[in-house]
Amino acid sequence: MTTFPERFQGLPEYAFPRLRTLLDAHAPGGPVVHLTIGEPKHQFPDFVQKIIFDTTEGFGKYPPNEGTPELRQAFTDWAQRRYGLSLDPETQVMPLNGTREGLFNAALALCPEDVRGKKPVVLIPNPFYQVYAVAAATVGAEPVFVAATRENGFLPDYASLAPEILTRTAIAYVCSPANPQGAVADRDYWANLIALAEKYDFRIFADECYSEIYRDTPPPGALEVAVEGGADPERVVIFHSLSKRSNLPGLRSGFVASGPANMTAIKQLRAYAGAPLPLPLQNAAAAVWAEEQHVTASRQLYQDKYAIADEVFADYPGYLPPEAGFFLWLPVEDGEAAAMKLWTETGIRVLPGAYLARDVDGQNPGRNYIRVALVAPKEETQRVLIQLRDCLQH
């Protein structure tokens with residue numbers, strides 16, 4: 001008797017257990033420094049704790065699955081300020097227990113069993129956030145991994161795919177700003193992808209959870225560009241979170257937004273299988289979505305760390321400054337070997353890029369990279385990046 005459904009048999013070990021298997025049998029070469037996981041370390045708003053404390057009686061109630069009116073209004077107010085979107089809080093937004101929930105469950109709600117009588121395709125950038133592939137497997141779709149490399153600006157070129165793939169496509173995932181490379185999809189990229197989706201009748205799932213961490217110019221949003229261009233809002237589904245924006249990964253406050261028909265299907269599925277946020281956390285989240293000062297302050301810290309990284313790696317072969325997000329995507333000869341060298345010689349722990357990607361035709365677009373998270377305080381970041389650079393270059 002099998003213990004794991006066949007559709008999941010091909011899943012590789014998840015990145016972080018895989019990293020432990022690689023490194024943990026070896027002693028670190030110095031004080032341990034974790035630069036692997038994208039867990040923000042900046043201060044979250046100090047009013048969060050007070051709101052939760054003042055509303056603890058809400059833990060004694062079942063929270064509304066579709067979110068409190070105040071939280072849904074906070075989502076739409078933020079989308080209006082940030083993107084100029086006029087979303088209906090009743091029909092076009094829903095809270096998520098973090099964006100991972102939405103990126104997974106939206107596929108269950110919206111991916112058809114077949115497309116034009118054939119097995120559906122889910123397009124996935126490569127490297128990618130691993131939930132995309134698990135969602136595709138769960139709905140019985142064929143995942144098609146499309147390389148996001150230096151040559152194409154680290155954004156997948158879905159238009160280059162053969163028509164026989166595009167005619168079966170149901171969903172295309174895009175992460176902008178991209179994890180791990182920090183690339184930003186500009187308005188032309190979104191407009192061209194939306195036109196492709198209109199031509200072949202598929203949906204775009206836009207993972208925009210890094211949207212508030214950038215150098216100078218706010219990244220455009222997929223739904224923003226769709227509305228500006230007069231596209232059907234059902235064509236695009238966007239996902240946002242407080243995890244990176246507000247340094248609150250443990251609050252688990254995200255949201256999904258799209259056209260009313262998409263949202264009806266997503267809400268109906270969540271009514272059966274969702275995990276709504278407890279009321280005190282919804283109260284805190286509404287206040288956090290409404291406040292921007294802490295976001296600006298946190299963004300400035302990341303901008304300072306961009307400047308540090310640019311200086312430290314100014315002469316590092318192949319270094320490309322990230323446009324946004326908080327990762328460095330550093331080229332190396334071999335990602336696993338580089339991670340092992342850093343661990344055994346310095347105690348610095350980074351993630352091999354291959355663990356974030358899949359092999360396609362014998363090629364893994366992450367194999368010659370490591371991902372480095374810029375989440376530590378500025379002074380520590382500078383010291384560790386210098387140590388990391390010197391280790392890699394000797």
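**Exercise 1. What share of the 394 residues in the chain is buried?**

Solution. The model is predicted. Take the cut-off first: a residue is buried when its relative accessible area is under 20%. Apply it along the chain. Buried residues make up 55% of the 394 residues. Now turn to the surface. The chain exposes about 16800 Å². Carbon and sulfur atoms supply 53% of that area.

**Exercise 2. Describe the overall fold and its compactness.**

Solution. Start with secondary structure: the chain has 14 helices and twelve strands. Next, compare sizes. The radius of gyration is 21 Å, close to the 21 Å that the globule rule gives for 394 residues, so the chain is as compact as a globular protein of that length. Then fit a box along the principal axes: the C-alpha atoms fill roughly 55 × 55 × 50 Å. Last, check contact range. Among contacts between residues at least 6 apart in sequence, 76% join residues at least 24 apart.

**Exercise 3. Locate the nonpolar cores.**

Solution. Recall the background: in soluble globular proteins, nonpolar side chains tend to be buried together. Here the largest nonpolar core has 99 residues. Phe-313 and Leu-388 have the most contacts inside this core. Helix 7, residues 187-200, gives the most to the core, with seven residues. A separate core of 29 residues includes Ala-136, Ala-141, Ile-171 and Tyr-173.

**Exercise 4. Which residues does Phe-313 contact, leaving aside its neighbours within four places in sequence?**

Solution. Drop those neighbours first. The contacts of Phe-313 are then Tyr-319, Leu-328, Leu-330, Leu-385, Leu-388 and Arg-389.

**Exercise 5. How far apart are the mean positions of the positive and negative charges?**

Solution. Count 35 positive and 47 negative charges. Their mean positions are 3 Å apart.

Notes:
Residues are numbered from 1 along each chain as its sequence is written. This is a predicted model: local features need pLDDT of at least 70, side-chain atom pairs count only at pLDDT 80 or more; totals for chains, interfaces and linings use all residues. Side-chain values use heavy atoms; hydrogens and water are left out. A nonpolar core is a set of buried Ala, Val, Leu, Ile, Met, Phe, Trp, Tyr and Cys residues joined through side-chain atoms within 4.5 Å. Buried means under 20% relative accessible area, exposed over 50%, partly exposed in between (1.4 Å probe, protein chains only). Helices (H or I, at least four residues) and strands (E, at least two) are DSSP runs, numbered from the N terminus. Contact means heavy atoms within 4.5 Å. The radius of gyration is taken over C-alpha atoms; the globule rule is 2.2 Å times the number of residues to the power 0.38. Accessible areas come from the Shrake-Rupley method with a 1.4 Å probe; for residues, only the protein chains shown count as cover. Lys and Arg count as positive and Asp and Glu as negative; His and the chain ends are not counted. The place of a charge is taken as NZ of Lys, CZ of Arg, CG of Asp or CD of Glu.
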